[in-house]
Amino acid sequence: KEFEELGKKTFRHLKAKENAKGWEQCFHRKKGKLAEMHIWSMPYPKKSSPLNMYKGITVVPHISPARLQEEIWNLTDARRIREFDDVVRSYSTLEEVHATLRVDHCQAQLPWPVWNRHVTYAIFRSPPPGMEGPAAEWSRGLDLEEGRKCHMPAKTLQMRLMGYFGFEALPGHDVRSSPGTRITRIIFGDPA
């Protein structure tokens, strides 16, 4: 129940940020009709943090929102994750609470002089598998106590993390025959 409340609060917070004012574009790339990427940054709205949140939007061609969400949800093998993010050294699921909630752990090896990062987080998804509705995944970092099962190497900092993936069929297309999915990613990590 504690995780459920954390999940609802985190989802509301990140979903509100998706269309909030204050995002400044910091990157844009266009290749062809569907391969366009935009990235924006926004100062994190707490005075205690000088770090930015980031939002990216792109289109993944020839896949429905539900299938893309399922692919990302099942991306839990460190070797496969490194194909997309080469700093990931280990990744594991600590607890599968139910079909739409689990607790994961990740260790990232960063280049010198930055210390490595360690994060334990609850990851949520909607709708439940097999149900209709908007597809989304979001996560929230947990205190180190929840990650007590994990070994933390020397010179590794615990990272606080909030993240969101929103999946939408391209406008004007039936989800079942979608030529692609617009994916929105919002992320905040402290320390970055």
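This section describes the fold, the nonpolar cores, one helix and the largest pocket of a predicted protein model.

The protein contains three helices and 10 strands. Read from the N terminus, these elements follow the order α-β-β-β-α-α-β-β-β-β-β-β-β. Of its 192 residues, 38% count as buried. The accessible surface of the protein amounts to about 11,700 Å², and carbon and sulfur atoms account for 55% of that area. Contacts that span long stretches of sequence are well represented: among those between residues at least 6 apart, 50% join residues at least 24 apart.

The interior includes two separate nonpolar cores. The largest nonpolar core has 17 residues, and L14, W23, M53, Y164 and I186 are those with the most contacts inside it. At least two residues of this core are supplied by each of the strands β2 (35-43), β5, β6, β7, β9 and β10. The surroundings of W23 were examined further. Beyond its neighbours within four places in sequence, W23 is in contact with K17, E18, W40, S41, M42, M53, Y54, K55 and I186. Two of these partners, M53 and I186, are also listed among the core residues with the most contacts. The second core comprises 12 residues, including A78, C106, V119 and L161.

Helix α2 spans residues 65-73, and its buried residues are P65, L68, Q69 and W73. These four lie on the same side of α2, because the arc they cover around the axis is only 135°. The cover over the buried residues of α2 includes strands β3 (52-61), β5 (101-108), β6 (116-126), β7 (135-141), β9 (160-169) and β10 (180-190). Of these strands, β5, β6, β7, β9 and β10 also each contribute at least two residues to the largest nonpolar core.

Strand β4, which covers residues 88-98, contains L94. L94 counts as partly exposed because its relative accessibility is 21%, whereas a buried residue would have to fall under 20%. In sequence, L94 and Y121 are separated by 27 residues; in space, their C-alpha atoms are 9.6 Å apart.

The largest pocket encloses about 1,500 Å³ of space. Its lining consists of 47 residues, and F84, D85, F165, R185 and I187 lie nearest the centre of the pocket. Strand β3 gives the most to this lining, with seven residues. Strand β3 is also part of what covers the buried residues of α2.

Key: Residues are numbered from 1 along each chain as its sequence is written. This is a predicted model: local features need pLDDT of at least 70, side-chain atom pairs count only at pLDDT 80 or more; totals for chains, interfaces and linings use all residues. Side-chain values use heavy atoms; hydrogens and water are left out. Buried means under 20% relative accessible area, exposed over 50%, partly exposed in between (1.4 Å probe, protein chains only). The arc is that of the directions from the helix axis to the C-beta atoms. Contact means heavy atoms within 4.5 Å. Accessible areas come from the Shrake-Rupley method with a 1.4 Å probe; for residues, only the protein chains shown count as cover. A nonpolar core is a set of buried Ala, Val, Leu, Ile, Met, Phe, Trp, Tyr and Cys residues joined through side-chain atoms within 4.5 Å. On a 1 Å grid over the protein atoms alone, a cavity is a set of points where a 1.4 Å probe fits but cannot get out, and a pocket is an open set with protein on both sides within 12 Å along at least five of seven lines; lining residues have an atom within 4 Å of a point. Grid points are joined across faces, edges and corners, and a volume is the space filled by probe spheres set on the points.
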